[in-house]
Amino acid sequence: MSRAALRILDPGPLSTIQDLGRPGWFSIGVGVSGAADRRSLKLANRLLGNPEDAAGIEILLGGLELVAEGPVLLAVTGADAPITVDGVAHAHASVISLRAGQRLKLGMAAAGLRVYVGVRGGIAVDEILGSRSRDTLAGLGPDPLTAGVALGVGAAQAYPWPNVAVAPVPSMNSGVVTVGVLLGPRDDWFTDPRSLFTGAWQMSDRADRVGVRLARVGDGPPLIRINDKELPTEGMPLGAIQVQPSGEPVVFLADHPITGGYPVIGVVVTPDVDLLAQLRPGQHLRFRPAPS
């Protein structure tokens, strides 16, 4: 049984409910989805004594404002957006206690892209295929949040009481981000697949929960295919680096399609996908070979 505990006053640019997704449904054409930066959602839940897969709110950049309709514990992680409660500043990645009527407001993050608000007990909305996540590509899960929406919170009596007040977290990287890549499965479709590791790439403004499109920085070598044959449609994993006909790579994030027809030159290692989820337009990225 859930209770109404939070009411959205302003959702900011885009706020969605996310947990760790719905694995196991590829056979019917449904991807995993879930939090784009899973590490940040897990941290919020650990701070609150929740299971790591409890549903929270994923906010693009910041700007969220909500009011408590009853006593509630929250934690804010991810991009380091300024946090205030009734105008009083609070620390990032800390446990925040709200009384009924108190308002939490997020400013806009100076670095990083996605902010996470966890609540003790987890956001309680109906599950679809075992998950409360919004899949923006498939249109599954709860609708994006709008002003006036009331959110229920699950029971937490069986969860351990939080035993930390604040967690040390590294600041969001506003400079060059480096991620590890395993080459393949279609690296043999390129004249020099290791040119992916030479020089830097820049995130374009064409980015969402599906993926990030990259462009070359400076005079780095292009990714050149050995032929223009069509590739039969095949499965696409999280972190796949799919190379478009233009030679621009697209790295798939949480809401990626489960199949595709362009060659995948490599796959970003799972822990580093969270770094990509916080990459901002214009920011630079380097790929490095990951140990196999």
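Gly 211 stands opposite Phe 252 in strand S18, and that pair is a handy way into this predicted model. Gly 211 belongs to strand S15, which covers residues 211–216. S15 and S18 (residues 249–252) run antiparallel, and three bridges join them.

Now look at what else S15 pairs with. Strand S14, residues 201–207, lies antiparallel to S15, with four bridges between the two. These strands make a hairpin, and three residues sit between S14 and S15. You can follow the pairing residue by residue: Trp 201 faces Arg 216, while Met 203 has Leu 214 as its bridge partner in S15.

S14 has another partner as well. Strand S21 (residues 284–289) pairs with S14 over two bridges, again in the antiparallel sense. Here Trp 201 turns up once more, with Leu 285 as its bridge partner in S21. So Trp 201 is a good residue to click on: Arg 216 stands opposite it in S15, and Leu 285 is its partner in S21. As a general point to keep in mind while you look at strands, side chains in a regular strand alternate between the two faces of the sheet.

Next, go to helix H1, which spans residues 38–48. At its start, a side-chain oxygen of Asp 37 comes to within 3.3 Å of the backbone nitrogen of Arg 39. Just past the other end, Gly 49 has a positive phi of about 80 degrees. Between those two spots, the helix has a set of buried residues: Ser 40, Leu 41, Leu 43, Ala 44, Asn 45, Leu 47 and Leu 48. What covers them? The cover includes several strands, namely S2, S3 (56–60), S5 (72–78), S8 (95–98) and S10 (114–119).

Step back along the chain from H1 and you come to Ser 33, in the loop between strand S2 (15–18) and the helix. Is Ser 33 buried or exposed? Its relative accessible area is 7%, and buried means under 20%, so Ser 33 counts as buried. Its side chain has polar company too. One contact goes to the backbone oxygen of Arg 134, at 3.3 Å, and another goes to the side chain of Arg 209, also listed at 3.3 Å. Setting aside neighbours within four places in sequence, Ser 33 touches residues from several parts of the chain, including Gln 18, Leu 20, Ser 133, Asp 135, Ala 254 and Asp 255.

Ile 123 is another buried residue, with a relative accessible area of 2%. You'll find it in strand S11, residues 123–124. Beyond its neighbours within four places in sequence, its contacts include Leu 6, Ile 17, Ala 55, Ile 57, Arg 132 and Leu 151. Ala 68 is 55 residues away along the chain, and its C-alpha atom is 13 Å from that of Ile 123.

Two of those contacts, Ala 55 and Arg 132, lead to the second largest pocket. This pocket holds about 260 Å³ of space. It is lined by 20 residues, and the ones closest to its centre are Asp 53, Ala 54, Ala 55, Glu 127 and Arg 132. By type, the lining is made up of nine nonpolar, seven polar and four charged residues.

To finish, visit two residues that are less covered. Thr 84 lies in strand S6, residues 83–85. With a relative accessible area of 24%, Thr 84 is partly exposed. Its contacts, leaving out neighbours within four places in sequence, are Ala 89, Arg 103, Leu 104 and Lys 105. Pro 142 is 58 residues from Thr 84 in sequence, and their C-alpha atoms are 27 Å apart.

Gly 235 sits in strand S16, residues 234–235. Why does Gly 235 count as exposed? Exposed means over 50% relative accessible area, and Gly 235 counts as exposed because its value is 52%. Gly 235 still has contacts, though: apart from residues up to four places away in sequence, it touches Ile 258 and Thr 259. Ile 258 is 23 residues from Gly 235 in sequence, with 5.6 Å between their C-alpha atoms.

How values were computed
Residues are numbered from 1 along each chain as its sequence is written. This is a predicted model: local features need pLDDT of at least 70, side-chain atom pairs count only at pLDDT 80 or more; totals for chains, interfaces and linings use all residues. Side-chain values use heavy atoms; hydrogens and water are left out. On a 1 Å grid over the protein atoms alone, a cavity is a set of points where a 1.4 Å probe fits but cannot get out, and a pocket is an open set with protein on both sides within 12 Å along at least five of seven lines; lining residues have an atom within 4 Å of a point. Grid points are joined across faces, edges and corners, and a volume is the space filled by probe spheres set on the points. Ala, Val, Leu, Ile, Met, Phe, Trp, Tyr, Cys and Pro count as nonpolar, Asp, Glu, Lys and Arg as charged, and the others, Gly among them, as polar. Buried means under 20% relative accessible area, exposed over 50%, partly exposed in between (1.4 Å probe, protein chains only). Contact means heavy atoms within 4.5 Å. A polar contact is a pair of N or O atoms within 3.5 Å; within protein, one must be able to donate a hydrogen and the other to accept it, and residues adjacent in sequence count only if both atoms are side-chain atoms. Two strands pair if DSSP finds at least two bridges between them.
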